[in-house]
Each structure stands twice: as structure tokens, then as C-alpha cells.
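Work through the exercises below with the sequence and the model open beside you, and try each task before you read its solution.

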Amino acid sequence: EQLRNQVAGMVARVELDKSQDEIARLQAEIDRLRRVQEGMVPRAELDAARDGARSLQGEVDQLRKKLEAHVPRSELDKSQDEVSRLAGGGGRGKGAGGGTA
């Protein structure tokens, strides 16, 4: 009777082995996922960084558009010198009539 009670409370060794294998597999998956997580950041941080980049890109685009309507000051100075020279004004300090056309 005592032996019967002991056997009734036992399971096949293969069942225990299956459970231990499952525990080992799950622990390995937990370890793998933790390693992957170490190289990751919250999505909100990425979204914030992308929003910041879009905002800066918008500012860059606006400045480029403004620059399209401008020319270098040196170009204006050259044109003013040419007008002065042609009008006989002598330019802006480069000497009157000393240049070649």
C-alpha cells in the first residue's frame, strides 16, 4: 500500500525532462530579449528626435528660400562700381578712370 501511494504521487521522468527543457528554452529567450533591449530606446525618444530633425529641416528650407532672393554683397558692390565708372564717378575708391573695361 505504501509503495502504491508513492507511485501514485510520481510522474514519468520524461515529463520532468520536458518541463526542464522548456524552462531552459524560456530562460534563453529571456536572456536574448534582454540583450536586444539593451541596444534599444523608447519609441517616444526616436519620435522626438525625428520631430526635431523635421523642424530644423524646415528652418533650413526657409533660409535657403530666402537666400535664393539674395545675391552676395560683392556682386552689388561690383555693379555699383561699374555704374559709377560708366557715369564718370570714378568708382568706390579704386581711382577714377584707372580701370579697363
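**Exercise 1. Find where the confidence of the model is lowest and highest among the helices, and then look at the chain as a whole.**

Step 1. In the protein chain, confidence is lowest in helix α1 (residues 2-8), with a mean of 78, and highest in helix α2 (residues 13-38), with a mean of 96; the score in use is pLDDT, the predictor's confidence in each residue, from 0 to 100. This is a predicted model, in which local features need pLDDT of at least 70 and side-chain atom pairs count only at pLDDT 80 or more, while totals for chains, interfaces and linings use all residues. Residues are numbered from 1 along each chain as its sequence is written, and side-chain values use heavy atoms, with hydrogens and water left out.

Step 2. Taken over the protein chain, the mean pLDDT is 87, and 87% of the residues reach 70 or more.

Step 3. Over residues 95-101 the pLDDT stays under 50, and for this stretch the model has 3 contacts beyond four places in sequence, a contact being heavy atoms within 4.5 Å.

**Exercise 2. Describe the secondary structure and the surface of the protein chain.**

Step 1. Count the elements, which are DSSP runs numbered from the N terminus (helices are H or I, at least four residues; strands are E, at least two). The protein chain has 4 helices and 0 strands, and the order from the N terminus is α-α-α-α.

Step 2. Turn to helix α4 (residues 73-87), whose 15 residues reach 21 Å from the first C-alpha to the last, close to the 21 Å expected at 1.5 Å a residue; the expected span is 1.5 Å times one less than the number of residues. After α4 comes G88, which has a positive phi near 85 degrees.

Step 3. Of the 101 residues in the protein chain, 2% are buried, where buried means under 20% relative accessible area, exposed over 50%, and partly exposed in between (1.4 Å probe, protein chains only). The accessible surface of the protein chain is about 9,400 Å², and carbon and sulfur atoms account for 55% of that area; such areas come from the Shrake-Rupley method with a 1.4 Å probe, and for residues only the protein chains shown count as cover.

**Exercise 3. Locate three salt bridges and say how exposed each partner is.**

Step 1. Recall that side chains of opposite charge can pair when their charged atoms come close. A salt bridge is a side-chain nitrogen of Lys or Arg within 4 Å of a carboxyl oxygen of Asp or Glu, and the whole structure holds 7 of them.

Step 2. In helix α2, R13 and D17 lie 4 residues apart, about one turn of the helix, and their closest N and O atoms are 3.6 Å apart in a salt bridge. R13 counts as exposed because its relative accessibility is 58%, whereas D17, at 30%, counts as partly exposed.

Step 3. Helix α2 also holds E15 and K18, 3 residues apart, whose salt bridge has its closest N and O atoms 3.9 Å apart. E15 is partly exposed at 42% relative accessible area, and K18 is exposed at 51%.

Step 4. In helix α3 (residues 43-68), D51 and R54 are 3 residues apart, and their side chains meet in a salt bridge at 2.3 Å, N to O. D51 is partly exposed, with a relative accessible area of 42%, while R54 is exposed, with 54%.
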